[in-house]
Amino acid sequence: MPLTRRQILRRRRVTVFGGLAVLLASGIYLPFTLLAPLSASAAAVLPWQAPVTAAVQLDWPGYGASAIGAIGYPGVLASSGAVEPQSIASITKVITALVVLEAKPLSQGEQGPEITTTATDSALYNSYVARNGKVEPVKAGLVFSEHQLLQLTLVASANNYTATLVNWAFGSEEAFLPIARDWLAAHGLDDTTLTDATGMNPENTSTASDLIELGKIAIADPVVSELVMTQRISIAHVGEIDNTNELLGSAGVRGIKTGTLDEAGACLLFAADYEIAGTMVTVIGVILGGDDHPSLNRDAVALLSTAQSGFREVQLTVEGTEYARYSTEWGDASDVVATADATIVAWADTPITLLVEARPITLEQAGVAVGSLLFTVGTHTVDVPLELENEIDDPGGWWRLTHPAELF
């Protein structure tokens, strides 16, 4: 049956309005789809295996108390023997020198104030001779600089000149001791006890771990560090005096202080420098309670030799190594890679951990920085930037038109 005029008009209206609806929908859908922002992609971190470093077998002496540490490596790296405080003899003089320098500072190379000896200093000499203590000659009217008295304290280990230094700086040993105890507390040396300034009193005691920290403090002080590595001094009215530390200049040793007392035995707080893979490492060590200094020195060299082998260069990463990966909804992908090699000198079997940080991305060029690696080795950290290996490109119009669910 032929369509009536009304039916024809109705169909035309439907076609027109349908076309308009399609055009309207297309006008909204197409630009919204083609211009819609893409979702950011998060990086998936790849599995990582920590470098394995072996433990070290140290050659410990079989007596007293011993420990090893190093500048820049907190605390004690290893220890052996007694853990309770031991008599420290003339190692005490390191504390005395540091306390004096805090009260009467010197710059490196500076001589400081002049001090004139009196009859009191002659009496000190006689009192230490009577106690079989190490002394150097003195008489009233001699003039010494502060630096020279420190030399006689740390290099010659002269008890009488140590007492002269303390009396000049603080008025008396009695006035010095509470100040020294406060200094010990301020530096966390809670297991160290001082009853005199020279170490002649066997009740001056410390632990191996406290002495490692003391050694680090001494080496960090430029004046003390220079003094303890001086092999020979020449002082008017006293003469030429060799350092009591006979290891100086051998086995890398550059200080620090000997100690000798019947109750303490032979003692040595020492520092030695070694170059490990281009990095200078200063080892701090201590041995207390030896029979004599020649045998203790041999034991210190053996301990240092094995301790040196405990510091090793560890390869943390190599440039271009993959640590994470981006994968987009439209199929683009890129690895995240280290931008540089990184190594560190680590002690023995120190644990190594890694934190990978990579920001979410949408569209990025190859080579752009996207995060970093943070290696932790003991208390040391190494930061290496990460970059995108390949470009993450726009998926194009067809993917956008055919994947509205991923866009909206």
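Me: In this predicted model, what makes β1 and β17 the edges of the open sheet of six strands?
Reply: The strand order is β1-β14-β15-β19-β18-β17, with antiparallel pairing. β1 (44-45) and β17 (352-358) each have a single partner strand, so one side of each is left without a neighbour in the sheet.

Me: How do you know that β15 and β19 count as paired?
Reply: Pairing needs at least two bridges, and β15 (residues 333-338) and β19 (residues 380-388) share three, in the antiparallel sense. Alanine 338, for example, has leucine 386 in β19 as its bridge partner.

Me: Why is α2 called oblique to α7?
Reply: The axes of α2 (residues 92-103) and α7 (residues 208-220) cross at roughly 45° and come within 11 Å. Angles under 35 degrees would count as roughly parallel and 65 to 115 as roughly perpendicular; the crossing fits neither range, so α2 is oblique to α7.

Me: What classes of residue make the contact of α2 with α7?
Reply: Val94, Ile95 and Leu98 of α2 meet Leu214, Ile217 and Ala218 of α7. Ala, Val, Leu and Ile are among the kinds that count as nonpolar, so the contact has six nonpolar, no polar and no charged residues.

Me: Which side chains of β8 are buried, and which are not?
Reply: Buried means under 20% relative accessible area. Ile233 and Ile235, on one face of β8 (residues 232-235), are buried, while Arg232 and Ser234 point to the other face and are not.

Me: How do you know that β8 and β9 pair?
Reply: At least two bridges are required; β8 and β9 (residues 239-242) have four, in the antiparallel sense. Serine 234 is bridged to glutamate 240 in β9. The two strands form a hairpin with three residues between them, and histidine 237 in the turn has a positive phi of about 75°.

Notes
Residues are numbered from 1 along each chain as its sequence is written. This is a predicted model: local features need pLDDT of at least 70, side-chain atom pairs count only at pLDDT 80 or more; totals for chains, interfaces and linings use all residues. Side-chain values use heavy atoms; hydrogens and water are left out. Axes are lines fitted to C-alpha atoms, for helices over the stretch in contact, and angles run from 0 to 180 degrees between N-to-C directions. Angles under 35 degrees count as roughly parallel, over 145 as roughly antiparallel, 65 to 115 as roughly perpendicular and the rest as oblique. Contact means heavy atoms within 4.5 Å. Buried means under 20% relative accessible area, exposed over 50%, partly exposed in between (1.4 Å probe, protein chains only).
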